[in-house]
Structure formats: structure tokens, C-alpha cells
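Got your viewer ready? Please load the model and keep the selection panel at hand for a short walk through it.

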Amino acid sequence: MKYVKATLRYFFAHFPKLMAIAIIPAAVVAFFMEPQGFGLVLTVSQLEDVQSFSDVFFLVFSRNLITRWPYMIFVSLLLILLCISYTMGVVEKHFRVGKFSLRQPFSNINNCFASAFKVFALLVVIYIVYKFLLVCVLTLLTYVLDNFYVADVAIAVVMAIASLAGFLFLLVLVRPIIYAAATMLVYGYYFKDALSVAIKITEKDRLELNIALIFPFAVYFTVSSLLVILNAPWIVLCLVHTLLIAVLVQYVTVYVLIAMFELSGIERRDVRRYY
């Protein structure tokens, strides 16, 4: 749990400033993107109604979003990308010089945007492909279980377990890709070399790293799913998801940099050492 503790310690030490960077992008995503359960919480009735590819498509992408505000997909993703780039610049500079400052936002974003964009864009593509596969697999699973006259409650439990297990496996699978952003930023590598280095250095403390990465997603998924199950009002969903998204984005960004500095043996100037 050392990476969880180190990340939470840093995160809460700079909570107001980190939230100031993330709160507006998070609010936009919460309002437009319907991020309940990462979009992976699907009901039995939704899957039973799948008859064609268009039905699958609108389970992957919100029908309301696609038909009313399709441009907000790109706006929301761009705001999150800018948030990640800004935070990476601020935190990496803090680690190197020992001063946490939100000054020079454009400079921080410019320094980190290219490395963050490559990783972020790849992760978005992977998520979309994964969700298409998930919808198809769960639709088939629902059809098979229906033919065996399995109760809807039991089908829902099976689907929830399958969705969660698949998502956790996906997180572990993409962990080196996430680290590639930090290695590109710190060492100036191209993506291919950065990914190779990320795979190598994250072989150390693999279990600790996986726990620290899964932790915030597990909290998000649990709270978000409970809100859906309890049929919380729309305004409550928006407000809680705004906080969840802001915390998740900033936690993961901080976690990646803390772990990368630790695994690479790079001295952090923000940490007081007593000799």
C-alpha cells in the first residue's frame, strides 16, 4: 500500500490547488458524458433490447449525447487532457525544484501536452474498443442465460461481476501505457522507447503498483454504481460525479509521477530528508 499512501499524502497536502485545476473539466464531463460507473453499468433490459449494431452503438455512446451534443465529446476530452497536462507540469516541476506553483499554466501545458496527448488518445481508443467488446459479450451472455430461464437478478449479478473483472484486468493491462506519459516527460523519450522503459521499470513492485492504480477506480465504481442503484436525482449524480472525476484524474496523475520517480531512483526536491 506504499504507493496508495504516498499518493494520498501528496494529494491531500495540495488538495485545494489540485482540485482548482480539475473541477471545471470534471464538471463538464459529469454534465455531458453521463459517466456513471464509467459507462460500464448496463441493465438486463438494455441488453435484452439489442437487435442491431445501432443498439450496440448507443450502448457504447450515450444516445442523448450523440444526438444533442456530439461536439461535447471532443470538448470534454480536450478539457481533461489539458487538466492532465497542467497537473503533470506542476507536479513534475514541484518534484524537481521543490516549489508547488500554479503559475505559468500555458508553459506547463505546453511542456506536457504532447506526451499526455499520445497516451490519453491511445487510452480513449482502447476504452472504446473494450466497451464495444463488453456490450457484445454481455448481450450474448444475457441471451444465453435467458434461454436457460435464469432470473433477471442473477443475470444482473453475473453481468456486474463480469464488467468489474474485465475492467480491472484492462487497468492492469494498460498500466505501462499510463506510465509512458511520465517517462516521455521526464526523459524526453519517443513513445515507443518510453513504453519500453515503462514496462521495464514497472516490473518492480508490480502488485503494489496495481493496487495503487485500481484503488481510485474501485472507489469511483462503487460510489457511482450505488448512486445508480439508489436512483439518485440528476443534480446529485452531477455533483458527486464532478467530485469523483476530479479526484480520480488528479490521483492517477500524481500516482504515476510519484511511482515513476520512486522506481527510477530520481531524487524528489519536494520531500524533506533528514541526514
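The tour goes from the whole chain to two chosen residues.

**Stop 1: the whole chain**

Keep in mind that you are looking at a predicted model. Select everything and switch to a cartoon view: the chain has 11 helices and 0 strands. Trace the chain along its sequence and you will read α-α-α-α-α-α-α-α-α-α-α.

Now turn on the C-alpha atoms and align the view to the principal axes; these atoms fill a box of roughly 70 × 35 × 35 Å. The radius of gyration is 20 Å, which agrees with the value near 19 Å that a compact globule of 275 residues would have.

**Stop 2: surface and contacts**

Next, add a surface. The chain exposes about 14,600 Å², and carbon and sulfur atoms supply 69% of that area. Of the 275 residues, 46% count as buried.

How do the contacts spread along the sequence? Taking contacts between residues at least 6 apart in sequence, 80% join residues at least 24 apart.

Colour by charge before moving on: you should find 21 positive and 14 negative side chains. The centres of these two sets lie 16 Å apart.

**Stop 3: histidine 94**

Select helix α6, residues 71-97, and pick out histidine 94 within it. Is histidine 94 buried or exposed? Its relative accessible area is 6%, under the 20% cut-off, so histidine 94 counts as buried.

Show side chains here and add tyrosine 10 to the selection. A polar contact of 2.7 Å joins the side chains of histidine 94 and tyrosine 10. To fill in the surroundings, leave aside the neighbours within four places in sequence and display Tyr10, His14, Lys99, Phe100, Arg269 and Asp270, with which histidine 94 is in contact.

**Stop 4: threonine 202**

Move on to the loop between α9 (191-201) and α10 (206-229), where threonine 202 lies. Although this residue sits in a loop, threonine 202 counts as buried, because its relative accessibility is 2%.

Which backbone oxygen should you look for beside the side chain of threonine 202? Show the backbone of isoleucine 199: its oxygen lies 3.4 Å from a polar atom of the threonine 202 side chain.

Finally, bring up the residues that threonine 202 touches, not counting those up to four places away in sequence: Arg175, Pro176, Tyr179, Leu209 and Leu263.

How values were computed: Residues are numbered from 1 along each chain as its sequence is written. Side-chain values use heavy atoms; hydrogens and water are left out. Helices (H or I, at least four residues) and strands (E, at least two) are DSSP runs, numbered from the N terminus. The radius of gyration is taken over C-alpha atoms; the globule rule is 2.2 Å times the number of residues to the power 0.38. Buried means under 20% relative accessible area, exposed over 50%, partly exposed in between (1.4 Å probe, protein chains only). Contact means heavy atoms within 4.5 Å. Accessible areas come from the Shrake-Rupley method with a 1.4 Å probe; for residues, only the protein chains shown count as cover. Lys and Arg count as positive and Asp and Glu as negative; His and the chain ends are not counted. The place of a charge is taken as NZ of Lys, CZ of Arg, CG of Asp or CD of Glu. A polar contact is a pair of N or O atoms within 3.5 Å; within protein, one must be able to donate a hydrogen and the other to accept it, and residues adjacent in sequence count only if both atoms are side-chain atoms.
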